[in-house]
Amino acid sequence: MFQIIFNDLSAAEMAALPKLLQLEILGEFQVLPDDLENLDPKRFGKVARDGRTLYRYRAGDYRIYFEPHDHGLLIRRVLSKNTIRDFLFRTSLPMAEDEQLAGNHKFWELIEQDGAKS
């Protein structure tokens, strides 16, 4: 069975949004594991490091960071594009450079945060 699994942090990020916006974001997130073979660069980004691959999906003003999971897709973060821009500004990275994100440990810390940290 294919599932979209939210970790604690991404579930909290979604829950903080208005219900209608949650439905819009999830309605746009039409992704299957096979889609990861032929990424549409208008919607997807790909960040890889140490053998790990994280994907970014653009859903309106939000970015969904996820990775393949045994049962489907694991959603790591759901961030507004302004949050990502703020992050990139603070770390002095160009907006469109997924490769530079991959090499930045602060980006991976942001992705790896658990729900216990505020």
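## Val31 and its contacts

Contact here means heavy atoms within 4.5 Å. With that in hand, and bearing in mind that this is a predicted model, take a look at Val31. Setting aside neighbours within four places in sequence, Val31 is in contact with Phe2, Leu36, Phe44, Tyr57, Phe66 and Leu73.

## Two nonpolar cores

Where does Val31 fit in? It belongs to the largest nonpolar core, which has 16 residues. Val31 is among those that touch the most other members, along with Ile25, Phe29, Leu36, Tyr57, Ile64 and Phe66. As for elements, strand S3 (52-59), strand S4 (62-69) and strand S5 (72-80) each give two or more residues to this core.

There's also a second, separate core of ten residues, and Leu54, Tyr65, Ala102 and Phe107 are included in it. In soluble globular proteins, nonpolar side chains tend to be buried together.

## Phe2 and the surface patch

Phe2, one of the contacts of Val31, sits in the segment before S1. Buried or exposed, or something in between? Phe2 counts as partly exposed because its relative accessible area is 36%, and the partly exposed class lies between 20% and 50%. Together with Ile4 and Leu32, Phe2 makes a nonpolar surface patch of about 250 Å².

## Asn7 in its loop

Now for a polar residue: Asn7 is in the loop between strand S1 (3-6) and helix H1 (8-15). Its relative accessible area is 16%, so Asn7 is buried, the cut-off being under 20%.

What does the side chain of Asn7 reach? The backbone oxygen of Arg76, at 3.3 Å. Leaving out neighbours within four places in sequence, Asn7 is in contact with Leu74 and Ile75 as well as Arg76.

Technical notes. Residues are numbered from 1 along each chain as its sequence is written. This is a predicted model: local features need pLDDT of at least 70, side-chain atom pairs count only at pLDDT 80 or more; totals for chains, interfaces and linings use all residues. Side-chain values use heavy atoms; hydrogens and water are left out. Helices (H or I, at least four residues) and strands (E, at least two) are DSSP runs, numbered from the N terminus. Buried means under 20% relative accessible area, exposed over 50%, partly exposed in between (1.4 Å probe, protein chains only). A polar contact is a pair of N or O atoms within 3.5 Å; within protein, one must be able to donate a hydrogen and the other to accept it, and residues adjacent in sequence count only if both atoms are side-chain atoms. A nonpolar core is a set of buried Ala, Val, Leu, Ile, Met, Phe, Trp, Tyr and Cys residues joined through side-chain atoms within 4.5 Å. Patches are made of residues with over 30% relative accessible area and no salt bridge: like charges are joined within 9 Å, nonpolar side chains (Val, Leu, Ile, Met, Phe, Trp, Tyr) within 5 Å. Accessible areas come from the Shrake-Rupley method with a 1.4 Å probe; for residues, only the protein chains shown count as cover. A salt bridge is a side-chain nitrogen of Lys or Arg within 4 Å of a carboxyl oxygen of Asp or Glu.
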